[in-house]
Amino acid sequence: MSEPILRIENLSLIREGRPILSNVNLEIYPGQVHALLGLNGSGKSSLAYAIMGCEGYIPDEGRILFEGRDITHLSITERARLGITLAWQEPARFEGIPVGKYVGLGVNPPNRERVIQALEAVALPAKVYGYRSADKTLSGGERKRVELAAVYAMRPRLAILDEPDSGIDILSLGEIATLIRRMAIEGVAVFLITHRDELVESADLVSLMCAGTILFSGKPLEARRYFLSRCIPHLEALGSQPWDLSKPEVREALASNGLLQLMAQPGEREDGKEQAA
Ligand SMILES: Nc1ncnc2c1ncn2[C@@H]1O[C@H](COP(=O)(O)OP(=O)(O)OP(=O)(O)O)[C@@H](O)[C@H]1O
Ligand SMILES: [Mg+2]
């Protein structure tokens, strides 16, 4: 296997006295789709923001290496210059900019054909959408598609896609999965945050996130089995995250899954191996 383009080492983030991310270790490879699966509030978007260098998400501990270089304290602009990009879970609206222009913003040198190709790849015909304004008149699903087209068009080195499938109807998921695979084939390292089995199944590697920690990394089938057997029962027992760690019943439930120990003992686990239950 080639060298990872991104390596996250023992990353922790504490906000308002609460651990949001705890000892996250992760590697992402060029030409591969690495999916991150986790329940609401488990820390997926926070990890995406930390990788992108968003304000308020500079880690309290640990490092982020991009092509071997420590980028933990680089600004968002410097990271973007290195070729890291993020498609937001809730895409912004760019009042006044036509869709075609927005999709072409990161294409350097400018390439009209690439923009048309990107729009067609997300099933937004350039003739119909290219000149429309990227504003609130676009539906939620159309905005997600425009955002995805923009990321595809720019050919970043690392694309972080935060739930590209949210707001996309089930019949169109195949197109989104195809586009994500096309990105990887073009050499992009894709970090795909999703809840959907369909997208997870087409990933090369899947990591499971629970309460800010990566519980497991492995092939899609194994990850799915782990998720269903170990994470879902937690949700049933404890309700949605964030969990109040000061409550004895919460600590007990997490301890029974080895998660409490994991949060307490940084860096003592290897990716791809199950934790002691
Ligand atoms: N800046 C912050 N200050 C305080 N708490 C935060 C901050 N950012 C995130 N959180 C909390 O951290 C937890 C993880 O949030 P995050 O958005 O990363 O979850 P997620 O896994 O992306 O969830 P979803 O699937 O709902 O998108 C949540 O409980 C959230 O409220
Ligand atoms: Mg999120």
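Helix α1 lies across strands β1, β2 and β4, and runs at about 65 degrees to β2. The model in which this arrangement appears is predicted.

The strands beneath this description belong to an open sheet of 4 strands, ordered β2-β1-β4-β5 and paired in the antiparallel sense. At its edges stand β2 (18–28) and β5, each with a single partner strand, so one side of each is left without a neighbour in the sheet. In general, the strands of a sheet pair through backbone hydrogen bonds, and the pairing is either parallel or antiparallel.

The sheet may now be followed from one edge to the other. Strands β1 and β2 are antiparallel and pair over 7 bridges; Ile8 stands opposite Leu26 in β2. Strand β1 (residues 6–15) is also joined to strand β4 (residues 61–66), again antiparallel, by 5 bridges. Here Glu9 has Arg63 in β4 as its bridge partner. Strand β4 in turn pairs with strand β5 (residues 69–70) over 2 bridges, in the antiparallel sense, and Phe66 has Arg69 in β5 as its bridge partner. Strands β4 and β5 form a hairpin with 2 residues between them, and Glu67 in the turn has a positive phi of about 50 degrees.

Attention may then return to the helix. Helix α1 (residues 44–52) is mostly covered, with 8 of its 9 residues buried. The buried residues of α1 are Lys44, Ser45, Ser46, Leu47, Ala48, Tyr49, Ala50 and Ile51. A residue counts as buried if 20 or more other C-beta atoms lie within 10 Å of its own. After α1 comes Gly53, which has a positive phi, near 85 degrees.

Key:
Residues numbered from 1 in each chain as written. Chains lettered and ligands numbered in written order. Predicted model: local features only at pLDDT ≥ 70, side-chain atom pairs only at ≥ 80, totals over all residues. Buried ≥ 20, exposed ≤ 12 C-beta atoms within 10 Å, placed from the backbone. Pairing = 2+ DSSP bridges. Contact = placed C-beta atoms within 7 Å. Axes fitted to C-alpha atoms, helices over the stretch in contact; angles between N-to-C directions.
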